[in-house]
Amino acid sequence: QVSANQKNKLNDPGGGSFRDDDDINDVASMAGVNLNEESARIMATNSDLVGNQIQSCKDEPFLAAIPLHKRILEMAKKLGITDVPAEVVTFISHATQNRLRTVIEKVTVITQHRMESYKDDEWYEQATDVRSQLKFFEQLERLEKQRKDEQEREILLKAAKSRSRQEDPEQARLKQKAKEMQQQELAQMRQRDANLTALAAIGPRKKRKLDSPGLLTIGGEGLGMSGGSQAGLGTPSSRQYARQKITRVNLRDFIFYMEQEREMNHSLLLYRALLK
């Protein structure tokens, strides 16, 4: 009877020749899946990947390991710790890199919001224009100064034309000042005429057109210069190079970022930044 049961197990369509407990636990044999056929099919499909050796990339620390280890040991000795393994140094280096990346991303977003203009947005309406108001006040001050200068000039011209016989020191001072003003105006006119004459003699200036960086245009032909070597003559390229947009972060953006962070809004670093 025992040999008959074993023969029945060998002839089982699931292909299983395991024990009773293994047959119950083996889901593949219960579902009628032949593992040998599936393995052969997988090997035939991924045959180009068989034999390839995959290695992990070398873990490069963000900070210099030796100075960082010395700094950690100096701080650990104050707490009674004498040995700090290299794994701790690597972990702190990666944590610093992650923290710095997060700070830069947040400050970059703050800078982009600051530089964003809402003048052309249809959902915003301009309420005040401080720049136009300042320009208006500057124009008023300029007109007032011009009016005062004209009044002073008229007074000086009247004093220069007067021929009073009385010896008045104030009148003499006004005459001397009027004479100096006339000489200064005459010198400015001569300088202006000399500049105009020089510009007329030079003629109109022609700007050289550089179609691309490193390309010198000579007589309608382009002389390509790349890496200090001549690349030969060719037609000038009409391709326009896109200018890279630069995001400039200033101290005000960092202060705003520190004010929003819970860990830094009462820190000493924020107060030092506000005092600068």
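This note covers the overall make-up of a predicted model and then the packing of helix α8 against helix α7.

1. The chain contains 10 helices and 3 strands, and from the N terminus on its elements follow the order α-α-α-α-α-α-α-α-β-β-β-α-α. Of the 276 residues in the chain, 12% are buried, and among contacts between residues at least 6 apart in sequence, 39% join residues at least 24 apart.

2. Helix α8 covers residues 169–202, and its length can be checked against its residue count: at 1.5 Å a residue, its 34 residues should span 50 Å, and the end C-alpha atoms are indeed 50 Å apart, so the two values agree. Just after α8, G203 adopts a positive phi of about 90°.

3. The axis of α8 comes within 8 Å of the axis of α7 (residues 130–161), and the two cross at roughly 115°; because angles of 65 to 115 degrees count as roughly perpendicular, α7 is described as roughly perpendicular to α8. The crossing in which α7 passes α8 is left-handed.

4. On the α7 side, the contact is made by E152, R153, L156, L157, A159 and A160, while α8 contributes Q171, L174, K175, K177, A178, M181, Q182 and E185. By residue class, this contact divides into 7 nonpolar, 2 polar and 5 charged residues.

5. Which residues of α8 are buried? They are L174, A178 and M181, and these buried residues pack against α7. An α-helix has 3.6 residues a turn, so residues three or four places apart point the same way.

Conventions. Residues are numbered from 1 along each chain as its sequence is written. This is a predicted model: local features need pLDDT of at least 70, side-chain atom pairs count only at pLDDT 80 or more; totals for chains, interfaces and linings use all residues. Side-chain values use heavy atoms; hydrogens and water are left out. Axes are lines fitted to C-alpha atoms, for helices over the stretch in contact, and angles run from 0 to 180 degrees between N-to-C directions. Helices (H or I, at least four residues) and strands (E, at least two) are DSSP runs, numbered from the N terminus. Angles under 35 degrees count as roughly parallel, over 145 as roughly antiparallel, 65 to 115 as roughly perpendicular and the rest as oblique. A crossing is left-handed if the near helix is turned anticlockwise from the far one by less than a right angle, and right-handed if clockwise. Contact means heavy atoms within 4.5 Å. Ala, Val, Leu, Ile, Met, Phe, Trp, Tyr, Cys and Pro count as nonpolar, Asp, Glu, Lys and Arg as charged, and the others, Gly among them, as polar. The expected span of a helix is 1.5 Å times one less than its number of residues. Buried means under 20% relative accessible area, exposed over 50%, partly exposed in between (1.4 Å probe, protein chains only).
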